[in-house]
Amino acid sequence: MSAETQRPETKPRMQEPRKQSLLARLPVVHQLRQSVGLQRGMLIAGLIITAVYVISAVFAQWIAPYGFAQLRNASGPFGSQQPPSPSHIWGTTVGGYDVFSRVIWGAQTALEVMVVAIILSIFIGVFLGLMSGYLGGWLDRILVVIADAIYAFPSLLLAIVMSIVISGGQSSLWGGIFAAAISITVVYIPQYFRVIRSEAVRIKNEAFVESAMVIGASTPRIMFRHVLRNSTRTLPLIFTLNASEAVLTLAGLGFLGFGIEPTAAAEWGYDLNKSLSDVTSGIWWTAIFPGLAIVLSVLGVTLVGESLNDLADPRLRGRRAVAAAPVAAASDSEPVDVAPVAAKSGDSQ
Amino acid sequence: MSSLTAQAAPETAAESTTSFKKQRTGGGLGRYIVVRFLLIIPTIFILVTLVFFLMRLTGDPITAALGGRLSGSQLHERIHAAGYDRPILVQYFEYLGQIATGNFGTSISDNRPITTILVTYGAATLELAFYALIVAFIVGIPLGMLAAYFRDKGQDAALRVFAILCYATPVFFAGILLKLIFSVWLNVLPVAGRASTGSEFEMQDLPNKTGFYLIDAFQTGDPAVISDVLLHAVLPALTLGLLTAGIFLRLVRTNVIGTLNTDYVDAARSRGVSEYRLVRKHAYKPALIPIITVIGLQIALLLSGAVLTESTFEWKGLGFQLAQYLGARDFVAVQGIVALLAVIVALTNFVVDVAAAIIDPRVRY
């Protein structure tokens with residue numbers, strides 16, 4: 001989104017003797033080039049972990065040796081609580097499932113829930129925030145009070161209430177994924193709402209919005225063309241932070257028994273709940289692997305989000321050494337410009 | 001001496017009243033507290049309304065709890081007796097009236113008033129939250145200052161990764177890991193519960209039991225009981241405390257770095273104040289103000305975390321009880337506890353905001 005809004009403006013800038021391909025201006029690639037030292041290390045580490053997570057989620061079918069609900073193969077049942085061995089590299093659970101397969105399939109479930117939850121909360125949160133911020137009035141006041149009330153409330157409890165409403169507490173694969181995703185969505189709408197609303201309030205007083213009004217552009221056109229396009233600057237940040245929280249909320253729901261049925265999909269939180277009693281008898285493999293999977297996936301996404309956050313803020317961004325100062329200054333100055341650049345591009349359209 | 005204080009007293013009193021009047025014209029603390037207190041009411045009202053209608057969308061709670069176990073006519077009788085067949089708006093206004101008088105309903109599965117559940121189990125949750133906050137302060141604040149001091153160096157990166165790890169680890173997994181290491185492999189700490197049966201028995205007959213096991217343990221005066229209670233608290237406190245510590249660390253780091261960039265710190269630096277003293281004395285205190293405000297928001301996180309921590313360690317508090325009722329599909333109890341927690345969250349946020357306003361006058365309206 002942000003790449004799109006930058007494109008019309010950066011073209012004239014291309015006449016300067018600085019070569020930047022389209023690739024270099026894509027959101028993450030741009031930040032990667034901009035980063036130095038430790039920040040770059042953190043960003044790269046985050047990107048690698050996230051990539052591993054996404055790959056195992058997408059290709060779960062080919063990576064996992066067994067199905068997530070498979071209890072036996074040609075040579076008989078897997079057996080319950082078997083320690084790691086060549087045929088089951090991470091052992092089997094108390095229910096007789098293969099731990100490695102369930103961890104890989106669990107990545108797929110988590111990714112599906114994450115994507116659905118984020119798409120839903122972006123659409124609803126952005127729409128409500130835009131309406132509230134641009135139109136104002138009593139609608140704005142009511143929505144702000146409601147959003148604040150929800151925001152202050154423990155998110156897990158709200159997600160529990162939502163999952164009771166949607167599925168009565170248990171469900172099939174897609175039913176469960178949607179139930180979990182909608183539960184998570186309701187929790188995160190206030191965050192998108194707040195950010196977009198405050199941006200919309202700021203932007204609606206800009207000169208280009210006024211001139212659009214003078215020309216006679218309709219309210220929806222101003223809202224979606226001029227205001228929305230310029231208020232999406234911070235979205236990638238909230239997006240990454242919420243993606244990680246979605247994984248945690250899903251696992252929390254699963255741990256309390258409000259996630260997806262074990263036969264419908266693999267879910268890390270559910271597996272951890274079942275492993276709770278194993279731990280006291282010294283069986284570590286049923287708990288460690290799904291737990292580490294959660295930690296790593298959240299860690300990866302959070303590292304990316306944190307790095308993007310730091311790189312977007314000139315006060316927190318690391319600088320290159322003094323020797324490379326002119327180059328660094330040139331490339332550093334760009335993201336600071338993003339706001340006016342985006343505003344101008346919205347104006348010109 | 002006494003005449004001196006007697007003379008001084010009216011003077012200070014007069015001074016404080018004049019300053020109070022001055023403040024009043026610009027929006028004083030008193031006005032802020034009143035406005036902020038009135039804002040609690042819509043918050044509680046919205047949350048209670050939301051939870052009520054959401055829970056009723058699924059149907060009546062009696063069918064949910066006892067659906068499979070009673071015949072159709074018996075179910076209908078129970079539903080009628082409880083009044084769940086009346087129009088939803090009538091039930092809603094009755095519910096609002098009940099909440100206004102402090103009645104949060106009665107659980108279906110074990111027929112106990114929700115307020116009794118709060119009194120019985122609230123102390124355990126409060127005790128856990130208290131321990132967790134201590135851990136969070138002890139770990140989070142010094143490490144955050146350290147990270148700001150070593151900004152952008154290796155130590156800083158390590159501390160930040162530690163903070164992200166604290167946040168990225170689900171509390172129940174952290175609990176399981178700590179259990180595995182300290183209770184099973186090293187066998188130095190108890191696996192679960194708030195105290196061993198022996199200690200609980202000893203604390204049972206106390207004349208004025210508080211429900212706070214640490215206070216009760218001190219009342220028995222038995223060192224074995226005290227150490228038993230403390231040993232049981234270590235792992236749950238670490239589990240919940242580290243989650244919050246990660247957030248405190250990040251907050252302190254960002255805020256101290258922010259204040260280190262201000263003019264007055266530059267001025268102090270130019271006077272030759274040491275870098276250590278800058279962080280410790282000059283940047284630290286102003287950085288604490290936003291942290292106090294954020295603690296208010298952490299209460300919600302702490303409660304979410306407490307539900308999961310208590311389930312992991314069989315710590316018999318409100319969260320553990322909530323998980324039990326969820327398992328039993330007792331949605332009246334769930335609704336009651338959730339509504340009660342909404343009130344608690346709203347009240348805590350009020351107290352925190354007022355505290356922030358007392359410390360930092362700029363916060364006031």
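**Group meeting: a look at chain A and its core**

Okay, so this is a predicted model, and I'll start with confidence. Chain A has a mean pLDDT of 73, with 74% of its residues at 70 or more. Where does that confidence peak, and where does it drop to its lowest? The high end is helix α6 of chain A, residues 99-135, with a mean of 85. The low end is helix α15 of chain A, residues 325-348, where the mean is just 36.

Two stretches of chain A are worth flagging. Residues 1-16 of chain A have pLDDT below 50, and in the model this stretch makes 21 contacts beyond near neighbours in sequence. Then there's residues 321-349 of chain A, also below 50, with 27 contacts counted that way. Where pLDDT is low, we shouldn't read the predicted coordinates in detail.

Now, the overall build. Chain A holds 15 helices and two strands. It has 349 residues, and 48% of them count as buried. Take the contacts in chain A between residues at least 6 apart in sequence: 72% of those join residues at least 24 apart.

On to the inside. How many residues are in the largest nonpolar core? There are 187, and the ones with the most contacts inside it are Ile160(A), Val161(A) and Ile337(B). Helix α11 of chain B, residues 223-260, gives this core its largest share, 18 residues.

Let's zoom in on Ile160(A). What does it touch, once we skip neighbours within four places in sequence? Within chain A, Ile160(A) contacts Leu253(A), Leu256(A) and Phe258(A), and over in chain B it contacts Leu326(B). That's my tour, thanks!

Methods
Residues are numbered from 1 along each chain as its sequence is written. Chains are lettered from A and ligands numbered from 1 in the order in which they are written. This is a predicted model: local features need pLDDT of at least 70, side-chain atom pairs count only at pLDDT 80 or more; totals for chains, interfaces and linings use all residues. pLDDT is the predictor's confidence in each residue, from 0 to 100. Helices (H or I, at least four residues) and strands (E, at least two) are DSSP runs, numbered from the N terminus. Two residues are in contact if their C-beta atoms, placed from the backbone, lie within 7 Å. A residue is buried if 20 or more other C-beta atoms lie within 10 Å of its own, exposed if 12 or fewer, and partly exposed in between; C-beta atoms are placed from the backbone. A nonpolar core is a set of buried Ala, Val, Leu, Ile, Met, Phe, Trp, Tyr and Cys residues joined through C-beta atoms within 7 Å.
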